[in-house]
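This report describes how the strands of one protein chain are arranged and how selected residues are placed among them. The sequence and the structure are shown first.

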Amino acid sequence: EPSLLRFLVCPLSKRPLRYEEATNELINEELGIAYPIIDGIPNMIPEAARKTRKKPPAEGSKQP
């Protein structure tokens with residue numbers, strides 16, 4: 001239910017989440033993770049979240 005989205009926050013950062021209709025997930029842009037929605041119920045367990053981006057390169061490392 002889209003109207004409930006305003007009440008849901010990421011359990012890790014306590015920040016609002018964005019609904020992605022194409023993948024049926026709740027996205028945390030800041031942390032780069034996505035929580036799946038299964039049968040209409042968001043799975044907000046951090047271990048169930050999928051990474052949406054690669055980790056940034058470590059400081060001082062050179063990129064090819």
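Strand E3 pairs with strand E5, residues 50-51, in the antiparallel sense, and 2 bridges connect them. Across this pairing, Ala34 faces Arg50 of E5. The model discussed here is a predicted one.

E3 also takes part in other pairings. With strand E4, residues 41-42, the arrangement is antiparallel and again rests on 2 bridges. Here Ile37 stands opposite Pro42 in E4. With E2, strand E3 (residues 33-38) runs antiparallel, joined by 4 bridges. Leu26 has Tyr35 in E3 as its bridge partner.

E2 is in turn paired with E1, in the antiparallel sense, over 3 bridges. In this pairing Tyr19 is the bridge partner of Leu26 in E2. Leu26 is thus named in two bridges, one with Tyr19 and one with Tyr35.

Three of these pairings are hairpins, and in each of them a residue with a positive phi is found, as the table sets out.

| Hairpin | Residues between the strands | Residue with positive phi | Phi |
|---|---|---|---|
| E1 and E2 | 4 residues | Asn24 | near 55 degrees |
| E2 and E3 | 4 residues | Gly32 | near 70 degrees |
| E3 and E4 | 2 residues | Asp39 | about 55 degrees |

Strand E2 deserves separate attention. In a regular strand, side chains alternate between the two faces of the sheet. In E2, Glu25 and Ile27 lie on one side, while Leu26 and Asn28 lie on the other. All of these residues are buried, and both faces of the strand are therefore covered, given that buried means under 20% relative accessible area.

Glu25 belongs to E2, which spans residues 25-28. Is this residue buried or exposed? Glu25 counts as buried because its relative accessibility is 8%, and the limit for a buried residue is under 20%. Its side chain makes a polar contact of 2.9 Å with the side chain of Thr23. When neighbours within four places in sequence are set aside, the residues in contact with Glu25 are Arg18, Tyr19, Glu20, Ala34, Tyr35, Pro36, Ile37 and Arg50.

The largest nonpolar core has 8 residues: Cys10, Leu17, Leu26, Ile33, Tyr35, Ile37, Met44 and Ala49. E3 supplies the largest share of this core, with 3 residues. Met44, one of the core residues, is in contact with Val9, Cys10, Pro11, Leu17, Leu26 and Tyr35, again without counting neighbours within four places in sequence.

The last residue to be considered is Phe7, which is located in the segment before strand E1 (18-20). Its relative accessible area is 58%, so Phe7 is exposed, the limit for that class being over 50%. Phe7 and Leu17 are 10 residues apart along the chain, and 9.4 Å separates their C-alpha atoms. Leu17 is itself listed in the largest nonpolar core, whereas Phe7 is exposed.

Methods
Residues are numbered from 1 along each chain as its sequence is written. This is a predicted model: local features need pLDDT of at least 70, side-chain atom pairs count only at pLDDT 80 or more; totals for chains, interfaces and linings use all residues. Side-chain values use heavy atoms; hydrogens and water are left out. Buried means under 20% relative accessible area, exposed over 50%, partly exposed in between (1.4 Å probe, protein chains only). A polar contact is a pair of N or O atoms within 3.5 Å; within protein, one must be able to donate a hydrogen and the other to accept it, and residues adjacent in sequence count only if both atoms are side-chain atoms. Contact means heavy atoms within 4.5 Å. Two strands pair if DSSP finds at least two bridges between them. A nonpolar core is a set of buried Ala, Val, Leu, Ile, Met, Phe, Trp, Tyr and Cys residues joined through side-chain atoms within 4.5 Å.
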